[in-house]
Amino acid sequence: MSIVLTKAALALKNAENNFKVVKYESHKPKTKQTLVIEDKAELNNQSVTHLKKDLDLKKIRHEVVKLGMSGFDGTKKEKAKIALAVSLGAKPPKREYINYKELMKKRKEEKLKKEEEKQLMISKTILQKSGKKKKKGSNNDVGHFLDNYGKVQKKDLKNKNTGPVKKKKK
């Protein structure tokens with residue numbers, strides 16, 4: 001092995017003889033390594049069997065879905081295939097184009113239907129309420145609590161304030 005001659009190397013005598021090579025090895029206890037290797041082997045065996053079971057179940061589910069799709073007719077079959085592809089990770093198809101005037105007509109019709117439903121609901125509630133009688137005098141209501149004592153009116157307050165006025169001392 002030859003050393004590059006530098007001023008420091010020339011200054012030292014026997015630089016080649018004093019040269020030492022150091023190799024670094026990380027400290028790992030051997031007992032733990034053997035246990036870890038055995039544990040990994042056991043885990044790998046268990047995980048492989050577990051993965052096989054999962055894959056089998058996935059294949060079975062996929063086959064069942066395919067069998068179910070075979071019973072559909074044209075458009076339903078196509079929609080089912082698209083749904084299957086999307087569930088497997090494909091991008092869903094874009095929405096179909098609808099003419100703007102037709103879209104606005106549909107929205108108006110939907111709005112009218114909602115209003116008619118609201119009117120029906122209101123009429124039903126009015127019919128239901130008219131049949132029931134209201135109870136008089138609930139004990140927990142604050143408004144009925146004041147009925148026993150009466151309310152103070154403004155004209156009564158003015159009469160009380162007009163009494164004799166005391167003079168201030170200077």
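Start by selecting Leu57, Ile60 and Val64: together these residues make a nonpolar surface patch of about 280 Å². The model is predicted.

Keep Leu57 selected and extend to residues 30-70, which is helix H3, where leucine 57 is found. Is leucine 57 buried, partly exposed or exposed? Its relative accessibility is 45%, so leucine 57 counts as partly exposed, since that class runs between the 20% limit for buried and the 50% limit for exposed. As background for the patch, an α-helix has 3.6 residues a turn, so residues three or four places apart point the same way.

Stay on H3 and select glycine 68, which also lies in this helix. Glycine 68 has a relative accessible area of 39% and is therefore partly exposed. Now add alanine 80 and draw a distance between the two C-alpha atoms: glycine 68 and alanine 80 are 9.2 Å apart in space, with a separation of twelve residues in sequence.

Next, select residues 74-87, which form helix H4. H4 has 14 residues, and from its first C-alpha to its last it reaches 20 Å. At 1.5 Å a residue the expected value is 20 Å, and the span of H4 is close to that. Move on to glycine 89, which follows H4 and has a positive phi, near 120°.

Finally, show the whole protein in cartoon. Which secondary structure elements are there? The protein has seven helices and zero strands, giving the pattern α-α-α-α-α-α-α along the sequence. Switch to a surface view: the protein exposes about 18,700 Å², and 58% of that comes from carbon and sulfur atoms. Of the 170 residues, 2% are buried.

Terms used:
Residues are numbered from 1 along each chain as its sequence is written. This is a predicted model: local features need pLDDT of at least 70, side-chain atom pairs count only at pLDDT 80 or more; totals for chains, interfaces and linings use all residues. Side-chain values use heavy atoms; hydrogens and water are left out. Helices (H or I, at least four residues) and strands (E, at least two) are DSSP runs, numbered from the N terminus. The expected span of a helix is 1.5 Å times one less than its number of residues. Patches are made of residues with over 30% relative accessible area and no salt bridge: like charges are joined within 9 Å, nonpolar side chains (Val, Leu, Ile, Met, Phe, Trp, Tyr) within 5 Å. Accessible areas come from the Shrake-Rupley method with a 1.4 Å probe; for residues, only the protein chains shown count as cover. A salt bridge is a side-chain nitrogen of Lys or Arg within 4 Å of a carboxyl oxygen of Asp or Glu. Buried means under 20% relative accessible area, exposed over 50%, partly exposed in between (1.4 Å probe, protein chains only).
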